[in-house]
Amino acid sequence: MADFTGNHILSVNQFDRDAIDKVFTVADSMAPYAKRQKRTEVLNGAILGNLFFEPSTRTRVSFGTAFNLLGGEVRETTGMDNSALAKGESLYDTARVLSGYSDIIAMRHPFAGSVAEFAEGSRVPVINGGDGANEHPTQALLDLFTIKRELEYHGQHIDGLHIAMIGDLRYGRTVHSLCKLLCLYKNIHFTLISPKELGMPQPIIDTVANAGHKLTITEQLEGNMDADICYQTRIQEERFPSQDEANKFRGKFRLNQDIYTKHFQSKTVIMHPLPRDSRMEANELDNDLNLNPKLAIFRQTDNGVLVRMALFALTLGVENLVSKYERDVIWHSNKSS
Amino acid sequence: MADFTGNHILSVNQFDRDAIDKVFTVADSMAPYAKRQKRTEVLNGAILGNLFFEPSTRTRVSFGTAFNLLGGEVRETTGMDNSALAKGESLYDTARVLSGYSDIIAMRHPFAGSVAEFAEGSRVPVINGGDGANEHPTQALLDLFTIKRELEYHGQHIDGLHIAMIGDLRYGRTVHSLCKLLCLYKNIHFTLISPKELGMPQPIIDTVANAGHKLTITEQLEGNMDADICYQTRIQEERFPSQDEANKFRGKFRLNQDIYTKHFQSKTVIMHPLPRDSRMEANELDNDLNLNPKLAIFRQTDNGVLVRMALFALTLGVENLVSKYERDVIWHSNKSS
Amino acid sequence: MADFTGNHILSVNQFDRDAIDKVFTVADSMAPYAKRQKRTEVLNGAILGNLFFEPSTRTRVSFGTAFNLLGGEVRETTGMDNSALAKGESLYDTARVLSGYSDIIAMRHPFAGSVAEFAEGSRVPVINGGDGANEHPTQALLDLFTIKRELEYHGQHIDGLHIAMIGDLRYGRTVHSLCKLLCLYKNIHFTLISPKELGMPQPIIDTVANAGHKLTITEQLEGNMDADICYQTRIQEERFPSQDEANKFRGKFRLNQDIYTKHFQSKTVIMHPLPRDSRMEANELDNDLNLNPKLAIFRQTDNGVLVRMALFALTLGVENLVSKYERDVIWHSNKSS
């Protein structure tokens with residue numbers, strides 16, 4: 001992926017380290033616009049087709065916001081009940097039609113492979129916003145971008161990183177993609193902490209091992225780790241054969257301030273793909289961590305806007321023109337400070 | 001509330017008379033833009049998060065339109081079924097995430113207190129668009145603004161107003177808020193007309209009485225009143241213990257042209273929070289009033305745009321800059337005349 | 001309809017040949033903007049109320065895109081479940097309120113006549129986006145515009161056209177409207193191919209015959225036709241009294257490359273109102289036609305944007321000002337080439 005212009009973004013497998021570096025450089029340059037210190041109209045007149053055949057409020061709004069922040073307009077659709085897809089239209093037809101209405105498409109769909117199939121019919125670039133259990137590349141990129149930014153605080157780089165991944169590593173799409181991306185870097189130490197039933201799939205373990213990275217696999221938090229990043233995930237109770245099984249695991253892979261202090265060092269950054277479930281007695285990420293400055297979960301979602309802005313700018317070939325179409329921001333913004 | 005900039009608008013209790021005067025002065029200044037005589041781009045690049053976790057077409061569109069008329073963009077969400085809230089995410093988390101995507105948020109939610117709870121997590125100002133049975137401050141403000149504007153036709157002021165409120169005064173959130181706001185003025189005469197079961201709650205009656213205003217409470221329309229305003233409400237039949245009870249009241253608090261002529265003077269302005277139910281035989285506000293020039297119900301909804309524009313401009317600190325970023329309106333508008 | 005400015009577009013019956021010529025001339029002039037060769041801001045600040053009380057993704061997005069391409073903003077609503085209409089509000093009230101929020105309205109509604117009823121209450125122009133089995137005038141106009149454009153390739157005009165209509169001609173709203181519009185032209189030859197049960201309604205046959213056009217009515221594809229246009233429709237199986245009846249017809253009115261070659265000439269343009277159903281074994285329009293350059297179905301939907309842009313420009317009186325408010329397109333577009 002030497003040149004992004006006009007191309008689809010469907011999978012993390014498309015990215016080599018050069019491509020990632022490019023995305024992150026552009027994402028960094030988007031900060032003044034996302035913080036409302038400056039306004040750009042580089043995409044004035046461009047239309048994003050924000051097609052969420054599977055609803056997802058935050059991802060949909062994040063894509064739409066990113067496009068607005070570049071000066072573009074958003075047309076969108078949520079759900080599938082009344083769409084032509086539900087009447088038996090092929091993804092090819094839907095893509096041919098809807099790509100006639102926009103300059104670029106962000107798409108989420110419940111079925112694995114559907115976004116790539118759609119992209120074949122599309123006459124404009126398609127960015128995968130999640131296709132079922134398959135891929136959600138912008139989430140993986142924003143996770144990696146967050147890791148890079150958090151480490152930079154300490155003058156550190158991704159090469160040499162120690163990351164602990166906790167919880168449901170079997171079904172958690174985000175940790176799989178993140179592992180793949182991290183394999184593009186050097187000397188990563190992965191500590192994988194999960195119940196045996198929810199362990200990281202073997203193909204991903206093989207990928208990590210074959211790339212020469214260090215792997216520690218364990219069934220629960222133990223001792224004090226020197227992890228730079230603690231990536232927590234949600235254990236979805238519906239994954240278990242019975243509620244009894246689920247209850248057994250509940251609370252074994254949670255994180256709160258006490259557990260954090262016991263098992264991690266004060267430098268360890270806490271991440272999570274969100275949403276976190278606040279209904280359960282034992283949450284995977286307790287609210288008492290909200291005051292911990294290392295809790296990066298909301299910096300992750302903020303970074304998502306930067307990464308999506310970068311992908312839009314690169315795909316539409318305007319990454320070097322953004323500042324040329326600047327305007328002043330007039331209104332008071334809590335974000336500028 | 002000396003300065004609106006950067007603050008939430010959650011409750012009518014936040015407003016003193018100075019604050020209201022400020023909102024109404026700005027709202028008046030918005031008329032040329034709402035009438036499409038002029039166009040402003042003062043909020044070019046700003047994003048409204050229009051979050052309607054409880055659907056409400058007209059309120060949602062009114063907020064969105066108001067923001068567009070100031071030059072801003074709108075990202076929105078309707079309903080809660082597929083949102084992270086439904087997956088157990090706390091309002092705090094939702095607020096932290098979604099406030100990262102916008103400059104200001106308008107929010108409706110079915111549960112009382114939810115908008116204030118959300119506001120605590122939000123990093124941008126939040127305007128309450130209705131939180132269940134609790135508050136709907138922009139409706140109260142647009143009602144009061146309409147009263148002010150209608151009275152000005154006759155060179156009259158809100159001080160000294162005689163307002164008749166009819167129908168379901170017990171559950172009607174709008175009349176409660178309106179009473180509170182009117183208490184900030186002098187010498188108001190409230191005539192409250194409702195079935196005993198649907199009377200104004202005692203705390204509000206106390207507030208009105210303690211502020212030294214005149215109160216007349218009656219169970220049905222009687223004689224000819226010198227009311228300046230007749231504020232009609234919808235009697236929601238589901239409030240009654242049985243359909244028989246509902247039928248008993250049906251038609252006893254209706255208004256049509258004959259009843260209007262009998263009980264009111266030709267100066268009396270007719271208001272209603274809308275929607276009015278046109279399915280019943282005996283409507284609370286008959287269609288034969290549509291030709292009555294004192295029927296102000298659609299001026300109310302029009303005024304809602306002005307009031308919401310004012311709140312956005314004040315909260316984002318641009319109320320004095322609106323005319324500086326003017327453009328000409330090019331297209332033909334039925335509204336300009 | 002000498003002047004479009006400020007008027008509703010409710011029915012194909014409003015259009016005479018002059019009006020159609022005007023729409024098509026303006027639609028042609030919209031191509032550079034739809035192809036992203038140029039950007040116009042002629043409707044900067046104007047708001048479209050895109051009210052889809054009956055959901056229809058492609059029509060809704062097409063209207064919204066058309067308005068964005070002219071520089072305007074879109075506020076929209078999808079479905080009716082939570083709207084005031086569902087609470088018993090009259091269409092008149094809904095129209096009075098919502099027309100206060102926008103400069104022009106595009107509306108779809110499941111009930112015949114509803115859009116015209118709504119238009120009576122509206123204070124801004126209303127464009128019918130489909131009212132049940134009644135009318136969908138923009139579809140008819142885009143179909144006719146497509147016919148015009150396809151014929152122009154060969155230096156041909158609509159006068160003298162031979163069009164074959166296939167499938168469900170009884171319930172297919174689009175073919176009825178198209179027949180009416182074609183009657184405004186000269187020497188049209190209509191070949192109507194359908195099962196007897198699904199034949200063209202007699203009033204439309206009478207209209208065509210009375211206007212002096214040539215009519216051929218048949219129950220299945222026969223021989224090789226010199227049709228310029230083959231307009232295929234979807235046979236909705238739910239129209240049949242039983243599944244057995246439906247199965248009988250299934251496949252008898254389909255089109256694939258072999259059938260096309262047998263019954264049509266290589267000049268014959270294939271049209272369809274979309275969506276086409278790809279689930280059935282025997283589709284009305286097989287995917288093997290996708291490579292046939294005469295398959296115009298996606299050019300139809302593209303043309304829909306041009307026609308809707310034209311109707312917006314005409315209705316808002318800016319059709320001659322579009323190029324005056326031009327800007328350059330900065331981003332890379334697959335559409336420009």
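**Notebook: the C–B interface and the two domains of chain A**

I counted 16 residue pairs in polar contact between chain C and chain B, both residues of each pair being at pLDDT 80 or more. I note at the outset that this is a predicted model.

**Entry 1. Elements and residues on the chain C side**

I next asked which elements of chain C supply the side that touches chain B. I found that β3 (73–78) and α4 (91–98) of chain C each give at least two residues to that side. The largest share, five residues, comes from α4(C). By residue class, I recorded 16 nonpolar, 12 polar and 10 charged residues on the side of chain C that touches chain B.

**Entry 2. Extent of the C–B interface**

I looked up how many residues take part. In chain C, 38 residues are in contact with 35 residues of chain B. I then turned to area, since the size of an interface is often given as the accessible area lost when the parts come together. For chain C and chain B the buried area is about 3300 Å², with 50% of it on carbon and sulfur atoms. Three residues, C:N44, C:R75 and C:Y101, supply 22% of the area that chain C buries against chain B, more than any other three residues.

**Entry 3. Salt bridges between C and B**

How many salt bridges does the rule find across the interface of chain C and chain B? I obtained six. I noted the salt bridge in which the side chains of B:R276 and C:D93 meet, with an N to O distance of 2.5 Å.

**Entry 4. Relation of the two copies**

I superposed chain C on chain B. A turn of 120° and a shift of 0.0 Å along the axis lay chain C on chain B with an RMSD of 0.0 Å. I therefore entered the relation as that of a three-fold axis. In chain C, the C-alpha nearest the axis belongs to C:E73, at 4.8 Å from it. I also checked whether the copies present the same or different surfaces, and found that they use different ones: 8% of the contact residues of chain C recur in chain B.

**Entry 5. Domains of chain A**

I then moved to chain A. Its domain assignment gives domain 1 as 12–136 + 304–327 and domain 2 as 138–298. I read a separation of 27 Å between the C-alpha centres of domain 1 and domain 2 of chain A. Between them, 28 residues of domain 1 are in contact with 19 residues of domain 2. The area buried between these two domains of chain A is about 2000 Å², of which carbon and sulfur atoms give 62%. I noted that A:R17, A:F24 and A:H136 supply 34% of the area that domain 1 buries against domain 2, more than any other three residues.

**Entry 6. Polar links and elements between the domains**

Between domain 1 and domain 2 of chain A I counted three salt bridges. I looked up the salt bridge of A:D28 with A:K148, where the closest N and O atoms are 3.0 Å apart. The count of residue pairs in polar contact between the two domains is eight, both residues being at pLDDT 80 or more.

Which elements of chain A each supply at least two residues of the side of domain 1 that touches domain 2? I listed α1 (17–29), α3 (57–69), β5 (126–131) and α11 (297–315). The largest share of that side, six residues, comes from α1(A). I closed with its residue classes: the side of domain 1 that touches domain 2 divides into 12 nonpolar, seven polar and nine charged residues.

Note on methods. Residues numbered from 1 in each chain as written. Chains lettered and ligands numbered in written order. Predicted model: local features only at pLDDT ≥ 70, side-chain atom pairs only at ≥ 80, totals over all residues. Heavy atoms only, no water. Contact = heavy atoms within 4.5 Å. Buried area = accessible area lost by both parts, 1.4 Å probe. Salt bridge = Lys/Arg side-chain N within 4 Å of Asp/Glu carboxyl O. Polar contact = N/O pair within 3.5 Å; in protein donor to acceptor, adjacent residues only side chain to side chain. Helix = DSSP H or I, 4+ residues; strand = E, 2+ residues; numbered from the N terminus. Nonpolar A, V, L, I, M, F, W, Y, C, P; charged D, E, K, R; others polar. Domains from an automatic or database assignment. Least-squares fit on C-alpha atoms with pLDDT ≥ 70 in both.
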